[in-house]
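Colleague: I am new to this one and would love a close look at a single part of it. Could you pick one spot and walk me through its surroundings?

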Amino acid sequence: MSEWKMLTLVGEDRPGIVSRITRTLFELGCALGETSMIRLGGNFTIMMMVSGDGEIQAQLPPVAESLGLRMHLDPISGGLHQHRFANYQVRVSGADRPGIVAQVTGALADAGFNILELESDVAGSEQKPVYIMQIQGYSEALLEDLEGAVNAVSGGDVDVTLSPIETLIG
Amino acid sequence: MAILEILTIPDERLKQVSAPVEDFGAPLQGFLADLEETRLNGPAAVGIAAPQVAHFQRICIVDCSVTRKPVPNHGRLVLINPEIIEWDGYEAGREGCLSVPDYTGNVIRATKIRLKAQQPSGEEREYAMEGFEARAVQHELDHLDGLLFTDRVVSRRTDLFRRKVYQKGGNKSS
Ligand SMILES: [Zn+2]
């Protein structure tokens with residue numbers, strides 16, 4: 001087990017959540033690692049790696065509660081500097097219909113594609129929703145093979161495109 | 001020849017603005033050989049700028065001839081006192097840096113540029129560049145002005161929306 005824990009906080013969005021939470025963690029002597037904090041549908045979601053001997057489980061809940069947040073704290077294995085850099089990107093857009101995510105990610109998984117990050121949103125309007133998804137991932141598979149997998153689920157009202165990511169180092 | 005030490009963040013010297021090269025004599029030629037050896041020594045870098053090895057002159061090397069998927073390129077270029085004289089379009093792409101270990105991020109750069117630079121001999125040349133090579137040059141020129149790609153990183157969401165706007169604009173004009 002590593003020194004890191006995963007702290008999860010979710011609740012209705014309001015100003016000041018990030019500053020209150022991070023200030024409390026700092027005062028408890030905790031360090032932050034990789035984090036993701038984002039607003040999803042009017043909620044604010046926080047997932048962060050925290051370390052330190054601070055009494056998070058005892059001290060943070062009252063603060064979280066006062067901000068209307070639900071909280072989880074779980075021990076994790078792993079730690080910093082274990083990045084895997086994406087070498088492929090998949091963009092999906094199309095009519096918002098059930099199963100689109102399962103269909104695309106299923107085809108990718110079968111082709112040996114490991115998702116490192118997925119972000120999706122619903123654009124358009126209430127009447128005409130459009131689903132937009134961006135996936136970044138890593139795969140040893142050849143471009144042609146992945147393209148084959150992607151083309152099999154593309155078409156009709158769903159547009160799926162695959163492109164290699166050439167990360168510039170300079 | 002020698003492999004030079006690469007400055008990494010948060011070294012303040014990476015923020016220094018480099019001075020133009022005026023003397024094209026033997027010391028410059030010796031430094032260029034060391035700079036190239038240093039670039040080839042690390043992880044597959046397509047470019048390196050002199051200030052990254054604590055040499056604060058307007059010099060960089062770019063070589064986009066060995067990418068995984070071939071891209072338009074001019075081979076290995078040694079650029080001295082380089083200057084971008086025209087920019088066109090913009091696009092997000094993923095960047096990392098020898099001076100920023102274990103981190104990559106999305107950066108918006110011009111898709112096409114015209115570049116003016118001197119050769120190691122002092123002779124002046126102009127280049128029209130696009131895509132990955134244009135990105136590499138913009139990344140290296142930033143180093144000469146004390147900027148890192150981390151000063152320009154945008155979120156994925158920004159990438160998404162920018163790209164859509166850009167494509168729309170492109171379709172209209174075509
Ligand atoms: Zn760099």
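Modeller: Let's start with B:Glu95, which counts as buried because its relative accessibility is 0%, below the 20% cut-off for that word. Please keep in mind that this is a predicted model. B:Glu95 belongs to strand E4 of chain B, which covers residues 91-97.

What does the side chain of B:Glu95 make polar contacts with? One partner is the side chain of B:Arg109, at 2.9 Å. Another is the side chain of B:Arg135, at 2.8 Å. Looking beyond the neighbours within four places in sequence, B:Glu95 is in contact with residues of chain B including B:Tyr103, B:Thr104, B:Gly105, B:Val107, B:His139 and B:Phe149. From chain A, A:Thr167 and A:Leu168 are in contact with B:Glu95 as well.

That link to chain A also shows up in the strand pairing. A:Leu168 has B:Glu95 as its bridge partner in E4(B). Two bridges connect E9(A) with E4(B), and these strands run parallel. Step back a little and you will find an open sheet of four strands, ordered E9(A)-E4(B)-E5(B)-E8(B), with mixed pairing. Its edges are strand E9 (168-169) of chain A and strand E8 (153-154) of chain B, each of which pairs on one side only.

Now follow the contact from B:Glu95 to B:His139, and you arrive at the zinc ion. Which atoms coordinate the zinc ion? Chain B supplies B:Cys97 through SG, along with B:His139 and B:His143 through NE2, while chain A supplies A:Gly170 through O; the distances are 2.0 to 2.2 Å. The two histidines, B:His139 and B:His143, sit in helix H2 of chain B (residues 131-144), four residues apart, or about one turn of the helix.

Are these histidines buried or exposed? B:His139 is buried, with 2% relative accessible area, and B:His143 is buried too, also with 2%.

Why is the arrangement around the zinc ion irregular? The angles subtended by its four donor atoms range from 91 to 141 degrees. Four donors count as tetrahedral if all angles lie between 85 and 135 degrees, so the upper value of 141 degrees rules that label out. For comparison, the ideal angle for four tetrahedral donors is 109.5 degrees.

To put the pieces together: strand E4 of chain B holds B:Glu95, A:Leu168 is its bridge partner from chain A, and A:Gly170 is one of the residues that coordinate the zinc ion.

Terms used:
Residues are numbered from 1 along each chain as its sequence is written. Chains are lettered from A and ligands numbered from 1 in the order in which they are written. This is a predicted model: local features need pLDDT of at least 70, side-chain atom pairs count only at pLDDT 80 or more; totals for chains, interfaces and linings use all residues. Side-chain values use heavy atoms; hydrogens and water are left out. Donors are N, O and S atoms within 2.8 Å of the metal (3.2 Å for Na, K and Ca); water is not among the atoms, so sites may look incomplete. Four donors count as tetrahedral if all angles lie between 85 and 135 degrees; four count as square planar and six as octahedral if opposite donors are over 155 degrees apart and all others between 65 and 115; anything else is irregular. Buried means under 20% relative accessible area, exposed over 50%, partly exposed in between (1.4 Å probe, protein chains only). A polar contact is a pair of N or O atoms within 3.5 Å; within protein, one must be able to donate a hydrogen and the other to accept it, and residues adjacent in sequence count only if both atoms are side-chain atoms. Contact means heavy atoms within 4.5 Å. Two strands pair if DSSP finds at least two bridges between them.
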